[in-house]
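Please open the model in your viewer and keep the selection panel at hand, since each stop below begins with something to select.

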Amino acid sequence: MITSVAHAARADGPWAARADGPWVFAPARQARRRVRPPRPAPPGATPPLAAVLFDRDGTLIEDVPYNGDPGRVRPMPGARAAVEAVRGHGLSLGVVSNQSGVARGLLTRERVAAVRRRVEELLGPFGVWAVCPHGPDEGCGCRKPAPGLVYAACAELGVDPARTAVVGDIGADLAAARAAGARGVLVPTPVTRPEEVAAAEESAPDLLTAVRRLLDPENPENAEGPLGQEPPAQGPAGGAP
């Protein structure tokens, strides 16, 4: 069982992981892309979105339990388009991921980093990765549904959690967002429990739709139906959807 994450402070190319709390991987300061600041909100309005944080397994890439093999990384449908849309709007990007396989002795920091590098080869760079290496019984403050990963990612990006959205596939992702004061959006998969879907304040049928709703909520094409439901699929004329 992992009792300390001090070993995570070693450099990983241009990235470095912090020794305190979760593993926080962030690009070298001099290489960081300048992010266009969002326009301020009118008085009394909801603050504009500044960052989007994605869960990793089941959201950005297919969920392969305790995966430490870059060769098994497969992006989820629409993942590349979704992250490119966020980049195109000048928002910060991050990943928040529970990786209890470290605590269980099934993963090493090097394997976690190797998968991260492969994800970025396929989807492009992220401004921060916040990873919890602890097990569910260790009582840490970073394992989702606790808010520690969201806090850590926002601190590294220099954004307020209130101006951040967290996109994930299970209830723990949304609970972490809510606990941190961020906005949570559920993108269900076959492993998402029905009660998690029913409890989600915001949900979307796929990753790209979720991002479009975050980036352009005034567009009628991005409107969400009744809570927990999606607009009916449009099939060919005269045929089944």
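## A tour of rings, charges and cores

Begin with phenylalanine 25, which is buried, its relative accessible area being 1%. Keep in mind throughout that this is a predicted model. Add tryptophan 23 to the selection; tryptophan 23 is buried as well, with a relative accessible area of 0%. The ring centres of tryptophan 23 and phenylalanine 25 lie 6.4 Å apart with the planes at 90°, and because an angle over 60 degrees counts as edge-to-face, that is how the pair is classed.

How many aromatic pairs does a search of the whole structure find? The search finds 2. For another of these, select phenylalanine 126 and tryptophan 129, whose ring centres are 5.8 Å apart and whose planes meet at 80°, so that this pair too is edge-to-face. Both phenylalanine 126 and tryptophan 129 are buried.

Stay with phenylalanine 126 and bring in arginine 87, which lies over the face of that ring, at 5.6 Å from the ring centre. Is arginine 87 buried or exposed? Arginine 87 has a relative accessible area of 14%, and because buried means under 20%, this residue counts as buried.

From arginine 87, move to glutamate 84, with which arginine 87 forms a salt bridge whose closest N and O atoms are 3.5 Å apart. Both belong to helix H1 (residues 79–88), and because they are 3 residues apart there, about one helical turn separates them. Glutamate 84, at 34% relative accessibility, counts as partly exposed.

The structure holds 10 salt bridges, and a few further ones are worth selecting in turn. In helix H2 (residues 109–123), pick arginine 116 and glutamate 120, which lie 4 residues apart, about one turn of the helix. The two form a salt bridge with the closest N and O atoms 4.0 Å apart, and arginine 116 and glutamate 120 are both buried.

Next select arginine 193 and glutamate 195, which form a salt bridge whose closest N and O atoms are 3.0 Å apart. Arginine 193 is partly exposed, with a relative accessible area of 47%, and glutamate 195 is likewise partly exposed, with a relative accessible area of 48%. Then select Asp55, Lys144 and Asp173 together, since these residues are linked in a network of salt bridges.

Now turn from the charges to the nonpolar side chains. In soluble globular proteins, such side chains tend to be buried together. The largest nonpolar core here has 35 residues, and the members that touch the most other members are Val52, Phe54, Leu60, Val119, Phe126, Val167 and Leu207. Colour the elements that give two or more residues to this core, among them strand E3 (23–27), strand E4 (51–54), strand E7 (164–168) and helix H6 (207–215). Which element gives the most to this core? It is H6, with 6 residues.

To look at this core from one of its members, centre the view on valine 167. Setting aside neighbours within four places in sequence, valine 167 is in contact with Val52, Leu53, Phe54, Asp55, Thr59, Val185, Val187, Leu207, Ala210 and Leu214. For the last stop, select Val24, Ala50, Ala176 and Ala177, which are included in a second, separate core of 21 residues.

Note on methods:
Residues are numbered from 1 along each chain as its sequence is written. This is a predicted model: local features need pLDDT of at least 70, side-chain atom pairs count only at pLDDT 80 or more; totals for chains, interfaces and linings use all residues. Side-chain values use heavy atoms; hydrogens and water are left out. Rings of Phe, Tyr and Trp (its six-membered ring) pair if their centres lie within 6.5 Å; planes under 30 degrees apart count as stacked, over 60 as edge-to-face and the rest as tilted. Buried means under 20% relative accessible area, exposed over 50%, partly exposed in between (1.4 Å probe, protein chains only). A charge sits over a ring if NZ of Lys or CZ of Arg is within 6 Å of the ring centre and within 35 degrees of the ring normal. A salt bridge is a side-chain nitrogen of Lys or Arg within 4 Å of a carboxyl oxygen of Asp or Glu. A nonpolar core is a set of buried Ala, Val, Leu, Ile, Met, Phe, Trp, Tyr and Cys residues joined through side-chain atoms within 4.5 Å. Contact means heavy atoms within 4.5 Å.
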